[in-house]
Structures are given as structure tokens and as C-alpha cells.
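Student: Could you take me closely through the side of chain A that touches chain B, and through how the copies are related?

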Number of protein chains: 2
Amino acid sequence: MAKDNPIPGSELVPIQQMITFRTARLSARLAAQAARILKESSGLTLMQWRILIQIHGKGSTTQSEMVRLTQVDKAQVSRTLKHMLEQGLVASEVNESDHRVHFVRLTDKGADLLQRAWPTMTERRKRLHNSLSAKEQEAFFDTIQKIEAMIDEMEDER
Amino acid sequence: MAKDNPIPGSELVPIQQMITFRTARLSARLAAQAARILKESSGLTLMQWRILIQIHGKGSTTQSEMVRLTQVDKAQVSRTLKHMLEQGLVASEVNESDHRVHFVRLTDKGADLLQRAWPTMTERRKRLHNSLSAKEQEAFFDTIQKIEAMIDEMEDER
DNA sequence: CAGCAATGGTGGACCCGTCAACTAAAAAGT
DNA sequence: ACTTTTTAGTTGACGGGTCCACCATTGCTG
């Protein structure tokens with residue numbers, strides 16, 4: 001028979017009040033929604049969309065830069081980009097002065113898909129942001145940053 | 001050649017300012033940290049930990065109740081629970097009055113692992129929460145709720 | 001009570017993210 | 001110049017999560 005309370009004297013915190021859990025659920029729901037919209041509007045995956053935005057913003061980028069900016073796993077970027085290359089969404093060329101780096105840019109097809117997904121995604125973003133006041137938005141990002149700082153701190157202690 | 005800007009007149013919002021992206025990254029980091037701690041302290045996975053907490057909190061539960069409370073995919077709960085049953089972390093018995101439902105409870109082994117992971121996980125939770133003021137915490141959960149409400153609203157429109 | 005819808009739970013297929021090992025190329029140290 | 005370290009990118013393997021179809025059981029409705 002199991003003990004009644006394995007942690008004597010410990011107050012029980014419901015999982016719904018845990019930052020990790022709530023954040024995970026929110027993240028999953030947001031990602032699922034974005035994925036659905038992208039699929040319907042353009043056939044893009046969420047990661048493809050993010051990469052397209054990165055490239056579009058910079059005009060031309062490298063994988064390592066995207067990894068630095070977004071902290072996404074480099075393997076994932078590499079694979080996604082490879083797939084996008086095969087689909088003709090992006091074009092890549094080797095840097096002359098450093099043969100390790102590949103510059104990637106949008107093709108017309110890539111730009112077209114970006115364009116197709118844009119309206120719905122933009123509207124979604126606006127609605128999400130507009131559901132919060134300016135202060136709330138700021139506070140939200142601020143809090144996220146604080147939590148990430150604490151994660152860094154804890155990881156540094158190891 | 002790709003167009004310079006596929007969306008004429010659209011202001012470019014950096015991905016780092018997008019709720020979905022920031023939330024996803026935070027969630028991934030929190031989950032990774034929790035997973036690491038659990039692995040080191042008890043060998044539990046994050047999902048196992050969550051399920052153990054649920055069962056511990058209720059004393060005895062069913063899968064469907066956990067699904068209702070946490071909104072986790074029921075397939076995942078089923079699989080995780082199956083594995084935990086094999087490992088002897090939980091015991092289950094069929095409900096007499098409704099043969100579809102299985103009540104699950106902790107075994108001594110399950111309670112023991114919960115106990116082992118508890119201190120570190122509790123300290124982590126406290127540090128995370130203490131890195132925010134009471135107001136910030138409240139605001140954070142509040143904001144999450146608002147965003148989820150907006151997701152619900154948007155999904156309802158489909 | 002017969003038939004149909006709803007509920008609890010399971011299993012398969014598939015995708016995505018992560019880790020680690022590896023190649024190629026360049027930069028830094030000696 | 002020669003060795004070592006660092007950086008860019010690739011690939012394989014693996015685990016976790018999600019979607020969907022499905023079975024069993026129970027509740028509901030005519």
C-alpha cells in the first residue's frame with residue numbers, strides 16, 4: 001500500500017499553478033494553431049515559416065546566424081532548410097571567402113508562399129497581441145525574460 | 001530573383017517579439033531543465049512526474065480525469081501510464097460499477113520516486129516563482145489565461 | 001429492449017525536436 | 001609551417017507528442 005503522503009509537511013501545489021506546465025500547455029496550443037493556419041493557407045510548417053521570416057527579414061542569411069538569433073537547434077535548421085531547398089522555396093550559394101558558410105535567400109516560390117500565409121498569420125498575431133494591453137504585453141515579455149534569466153542562472157550553477 | 005518585400009507596406013515584426021515563438025522557446029527550456037533534474041534525481045520523465053503528482057494529489061484517479069484536468073493528449077496518458085504500470089510505479093484496478101474506467105494509485109515504489117524527485121523539483125519551482133514578484137506571477141498566469149481564451153475564441157470561429 | 005450515441009481507453013503511424021558523432025574548413029597557437 | 005581548436009553544417013538515432021482509427025462499455029432515446 002502506498003503512503004498517504006510521501007512528502008510529510010509539504011504543501012501540495014496543483015500542477016495547473018506551475019509555470020512549466022502552464023507554459024508548456026500554452027506553447028503547445030499556440031504552436032498547434034499556427035501549424036493549422038499555415039497548413040491551410042500555404043502548406044508551410046511552423047519551422048519553415050519561421051525560417052522564411054528570418055531570411056525575408058535579413059534578405060540573405062546563414063544557418064549559424066539563424067541559430068544564434070533564435071536558439072533553435074542547428075540540426076533542425078539544417079534539415080528544414082534542406083527540405084525547403086528541395087521544394088524550391090529557398091536558394092543557397094556558398095560564400096566565396098569562407099567555404100563553410102552557405103548564404104540562403106528566398107526564391108519567388110518561397111516569397112509567394114510567405115505572401116500567402118502572411119495575411120492570416122498577421123491577423124492572428126494582431127488578435128493575440130490585441131487581447132492584451134500594451135502594459136500586459138510588455139510585462140509578459142519581461143516576465144519571460146526573467147524566467148529565462150533564472151534558468152540561465154540555475155544552469156550555470158551546475 | 002525573389003522580390004525585395006513580398007508584403008508591400010507590411011511592417012516586419014521580428015520573430016523574437018512574437019508570442020508564439022517566445023513562449024515556445026521558454027517552454028522548451030523549462031521542459032528541458034525539468035527533464036534533466038528528474039532524470040538525475042529519480043529517473044522519471046516529465047510526463048511521469050506530472051502523472052505521479054496528479055495521482056498523489058487525488059489519492060486515486062482515472063485517465064479521463066487527468067485528461068480533463070490537464071488537457072494532455074489521452075493517448076499520451078495511456079501510454080505513459082502503461083509504462084509506469086510495467087515499472088511498478090502505479091497500480092490500477094478496474095472500477096466495479098463501470099468497467100471502462102481504471103482507477104490508478106501510487107505504489108510504494110512510485111511514492112518513493114516521487115519523494116526522491118520532490119526536493120529538487122520543489123526548490124526549482126520556488127526559485128522560478130521567487131524570481132518573480134507576487135504581482136508578476138499573478139499577471140503572468142493571468143496573461144496566459146487571456147491568451148488561451150483568445151485561442152479558444154479563434155478556434156470557435158472556424 | 002433495441003439501436004445509436006457518447007465515453008474511457010488502446011494502438012499504430014507519423015512528425016518534430018534533441019543529442020551526439022562526424023566532416024570540412026578556417027582561425028589561432030606554437 | 002604545423003598542429004590544435006573553433007566554427008559551419010550534415011546526418012543518424014532516438015524519444016516524445018499528436019492525430020486518427022478503433023474496441024469495449026455504458027447511457028440515452030424511441
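Tutor: Copies are superposed here by least squares on the C-alpha atoms of residues with pLDDT of at least 70 in both. This is a predicted model, in which local features need pLDDT of at least 70 and side-chain atom pairs count only at pLDDT 80 or more, while totals for chains, interfaces and linings use all residues. Residues are numbered from 1 along each chain as its sequence is written, and chains are lettered from A and ligands numbered from 1 in the order in which they are written.

On that footing, a turn of 180 degrees with a shift of 0.0 Å along the axis lays chain A on chain B with an RMSD of 0.1 Å, which is the relation of a two-fold axis. Both copies use the same surface, since 100% of the contact residues of chain A recur in chain B, where two residues are in contact if their C-beta atoms, placed from the backbone, lie within 7 Å.

By that criterion, 58 residues of chain A are in contact with 58 residues of chain B. On the side of chain A that touches chain B, at least two residues each come from α1 (19-41), α2 (46-58), β2 (102-106), α5 (108-130) and α6 (134-156) of chain A; helices (H or I, at least four residues) and strands (E, at least two) are DSSP runs, numbered from the N terminus. The largest share of this side, 14 residues, is supplied by α1(A). Sorted by class, this side of chain A has 30 nonpolar, 16 polar and twelve charged residues, with Ala, Val, Leu, Ile, Met, Phe, Trp, Tyr, Cys and Pro counted as nonpolar, Asp, Glu, Lys and Arg as charged, and the others, Gly among them, as polar.
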